[in-house]
Amino acid sequence: MGRGRQKAKHTKVARELKYFSPDTNYNDLERELSGHSSEAHSGWSEDDFAEEDSHR
């Protein structure tokens, strides 16, 4: 018992996520996709990947 209530809650949350449409800032999105962001990137560098590859 109780599974029906749990499933209903999950269904409600899933529906809210599916139909939720936040305001999109297209200028920020364009800047991020073009690679001209004023913020620092993820912090990974080519050296990090080279070091990782050398361990294999």
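So, the surface of this chain: about 6100 Å² is exposed, and carbon and sulfur atoms supply 51% of that. Please keep in mind that we are looking at a predicted model. Now, how much of the chain is buried? Buried residues make up 0% of the 56 residues.

Let's talk about confidence for a moment. The mean pLDDT of the chain is 78, and 61% of the residues reach 70 or more. Among the elements, helix 1 has the highest mean pLDDT, at 93, while helix 3, residues 46–54, has the lowest, at 60.

On to the overall layout. You can count three helices and zero strands, and along the sequence the pattern reads α-α-α.

Start with helix 1, which covers residues 3–19. From its first C-alpha to its last, this helix of 17 residues reaches 24 Å, close to the 24 Å expected at 1.5 Å a residue. Helix 1 is hardly covered, with a count of zero buried residues among its 17.

Next comes helix 2, residues 26–34, and I'd like to stay here a little longer. Helix 2 is hardly covered too: among its nine residues, the buried count is zero. Have a look at the start of the helix, where a side-chain oxygen of N25 comes to within 3.2 Å of the backbone nitrogen of N27. At the other end, helix 2 is followed by G35, and the phi of G35 is positive, near 85°.

How many salt bridges does the structure hold? There is one, and it joins D28 to R31, with the closest N and O atoms 2.2 Å apart. As a reminder, side chains of opposite charge can pair when their charged atoms come close. Both D28 and R31 lie in helix 2, three residues apart, which is about one turn of the helix. Are these two buried or exposed? Well, something in between: D28 counts as partly exposed because its relative accessibility is 37%, and R31 is partly exposed as well, with a relative accessible area of 36%.

Helix 2 also takes us back to the surface, where we started. Which residues make the nonpolar patch here? Y26, L29 and L33 make it, and the patch comes to about 370 Å². Let me pick out L29, which has its place in helix 2. L29 has a relative accessibility of 38%, so this leucine counts as partly exposed.

If you turn the model yourselves, try finding two spots in helix 2: the D28 and R31 pair, and then L29. And when you get to helix 3, remember its mean pLDDT of 60, the lowest among the elements of the chain. Thanks, everyone!

Key: Residues are numbered from 1 along each chain as its sequence is written. This is a predicted model: local features need pLDDT of at least 70, side-chain atom pairs count only at pLDDT 80 or more; totals for chains, interfaces and linings use all residues. Side-chain values use heavy atoms; hydrogens and water are left out. Helices (H or I, at least four residues) and strands (E, at least two) are DSSP runs, numbered from the N terminus. Buried means under 20% relative accessible area, exposed over 50%, partly exposed in between (1.4 Å probe, protein chains only). Accessible areas come from the Shrake-Rupley method with a 1.4 Å probe; for residues, only the protein chains shown count as cover. A polar contact is a pair of N or O atoms within 3.5 Å; within protein, one must be able to donate a hydrogen and the other to accept it, and residues adjacent in sequence count only if both atoms are side-chain atoms. Patches are made of residues with over 30% relative accessible area and no salt bridge: like charges are joined within 9 Å, nonpolar side chains (Val, Leu, Ile, Met, Phe, Trp, Tyr) within 5 Å. A salt bridge is a side-chain nitrogen of Lys or Arg within 4 Å of a carboxyl oxygen of Asp or Glu. The expected span of a helix is 1.5 Å times one less than its number of residues. pLDDT is the predictor's confidence in each residue, from 0 to 100.
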